[in-house]
Amino acid sequence: MEFYFETDDKLDRRKYAEFLKSMLDNCDNYRREDSDGAYVIAIDSPWGTGKTRFAKMLRNYLEDRTKKMGDDSLPGDNASFNAIYYNSWETDFSDDALLPLIHSIISSPEFKEDRFKRKSKEVLSKFKEAATAVARVAVYTVLHNLAGEKVTEMVKAADDAVSQKPEDPLKSYQERLKLLDNFRKALEEMIEQTKQKKLVIIIDELDRCRPTFAIQTLELAKHLFSVKGLIFVFALDIKQLSSSVQTVYGQELDATGYLCRFFDYVSQLPLPDNRKLIEEKIFSIESRWMFSRALSINPRNRVAVEISEFILNIALHDNLSIRELLTLLGHYEILVLTQLR
């Protein structure tokens with residue numbers, strides 16, 4: 001399901017999206033001295049605070065797409081980026097993180113052939129060939145010391161697997177690195193062929209994934225996809241993801257510090273005004289109830305105000321998340337519209 005700021009921004013987060021867009025437009029000016037290749041940021045917020053809806057709205061906003069234009073339509077005239085949304089949680093059943101990530105890129109609307117001119121289609125074809133070749137050998141295994149295994153042991157295991165497949169053209173570690181380099185160059189050339197010359201990949205729900213899958217995805221973004229013109233935006237809960245990291249590397253590890261080395265910038269998703277959210281929802285429910293009863297009463301009545309205050313007190317006392325709060329309001333709506341008719 002797609003979301004758009006003009007119709008679905010119930011938590012007043014458009015200004016935050018405008019800030020992010022400005023930052024991404026100028027991200028090369030904000031790099032750390034040791035940062036190159038893809039620019040990687042994290043949008044940090046606890047579970048149940050509307051990260052997924054915001055991530056989908058952000059994707060359409062960056063491509064200047066409105067609801068009237070339709071899902072997956074061509075970017076609008078004022079688009080500054082091509083943007084891909086990838087829900088990592090939907091694919092963490094995979095043994096590795098590389099295949100689903102590459103598949104999401106290749107199969108995205110941003111890389112459909114009808115979006116490119118004839119010359120650019122040749123570049124697109126070259127990129128897809130390079131991506132398929134990299135995916136075949138799960139090259140992430142040579143990039144990092146994963147889950148306590150030494151890199152040399154992983155490389156040897158991968159090479160052993162290759163040697164058992166005579167049809168596989170990759171015979172050595174050096175050839176793998178060359179393949180990786182070819183992939184980077186093909187992706188960079190592909191991004192250069194787009195009108196915007198910038199690609200944003202928004203990765204959602206990483207904090208819900210299996211720990212090893214989550215870490216692999218971060219490693220891929222920082223190393224395999226280290227490409228000029230590419231930006232990764234991770235929508236996640238750093239606290240929850242830190243627990244996943246400690247599951248893999250041990251409780252003694254400074255998990256937050258470990259994660260921060262992957263990100264060039266960490267931003268907090270603004271929390272909404274609970275009072276405003278509750279009042280608008282309650283008044284909407286009351287209005288619908290009065291309409292169904294053919295009553296001509298101002299919906300902003302004393303009862304609605306008192307109910308709003310009551311629910312707000314519950315939310316504050318029990319520290320409800322946005323998702324929990326909306327669930328509570330949903331139960332109230334069912335009660336009003338079914339039992340009070």
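**Exercise 1. Find out how well strand 2 is covered, and which strand it pairs with.**

Step 1: Strand 2 is mostly covered, with five of its six residues buried. Here, buried means under 20% relative accessible area, exposed means over 50%, and partly exposed is in between (1.4 Å probe, protein chains only). Strands (E, at least two residues) and helices (H or I, at least four) are DSSP runs, numbered from the N terminus.

Step 2: A quick note on what you're looking at: this is a predicted model, where local features need pLDDT of at least 70 and side-chain atom pairs count only at pLDDT 80 or more, while totals for chains, interfaces and linings use all residues. Residues are numbered from 1 along each chain as its sequence is written, and side-chain values use heavy atoms, with hydrogens and water left out.

Step 3: Now the partner. Strand 2 pairs with strand 3 in the parallel sense, over six bridges; two strands pair if DSSP finds at least two bridges between them. Take Asn 82: its bridge partner in strand 3 is Leu 199.

**Exercise 2. Work out the strand order of the sheet and say which strands stand at the edges.**

Step 1: The five strands form an open sheet in the order 2-3-4-1-5, and the pairing is parallel.

Step 2: Strand 2 (82-87) and strand 5 (265-268) stand at the edges, because each has a single partner strand, so one side of each is left without a neighbour in the sheet.

Step 3: From one strand to the next, the twist averages 20°. Angles like this run from 0 to 180 degrees between N-to-C directions, and axes are lines fitted to C-alpha atoms, for helices over the stretch in contact.

Step 4: Go on to strand 3 (residues 199-204) and strand 4 (residues 230-236), which pair in the parallel sense over six bridges. One match to look up is Ile 203, whose bridge partner in strand 4 is Phe 234.

Step 5: Helix 8 (residues 211-224) packs on this sheet and touches strand 1 (39-44), strand 2, strand 3 and strand 4. Touching is judged by contact, that is, heavy atoms within 4.5 Å. The direction of helix 8 makes about 155° with that of strand 4.

**Exercise 3. Look at strand 1: which residues sit on each side, and which strands does it pair with?**

Step 1: Start with a rule: in a regular strand the side chains alternate between the two faces of the sheet.

Step 2: Sort the residues by side. Tyr 39, Ile 41 and Ile 43 are on one side, with Val 40, Ala 42 and Asp 44 on the other, and they are all buried. That's six of six residues in strand 1.

Step 3: Check the neighbours. Strand 1 runs parallel to strand 4, joined by six bridges, and Asp 44 has Leu 236 as its bridge partner in strand 4. Strand 1 also pairs with strand 5 in the parallel sense, over four bridges, where Ile 43 stands opposite Ser 267.

**Exercise 4. Compare Glu 205 and Asn 319: where does each lie, and is each buried or exposed?**

Step 1: Place them. Glu 205 lies in the loop between strand 3 and helix 8, while Asn 319 lies in the loop between helix 12 (302-317) and helix 13.

Step 2: Check phi. Glu 205 has a phi near 65°, a positive value in a residue other than glycine. Asn 319 also has a positive phi, near 50°, and is likewise a residue other than glycine.

Step 3: Now accessibility. Glu 205 counts as buried because its relative accessible area is 12%. Asn 319 has 67%, so it counts as exposed.

**Exercise 5. Place Leu 99 and classify its accessibility.**

Step 1: You'll find Leu 99 in helix 4 (residues 98-106).

Step 2: The relative accessibility of Leu 99 is 40%, so it counts as partly exposed.

Step 3: Val 134 is 35 residues from Leu 99 along the chain, and their C-alpha atoms are separated by 9.0 Å.

**Exercise 6. Put the whole chain into numbers.**

Step 1: Count the elements: the chain has 13 helices and five strands.

Step 2: Of its 341 residues, 50% count as buried.

Step 3: Take the contacts in the chain with a separation of 6 or more: residues 24 or more positions apart account for 76% of them.
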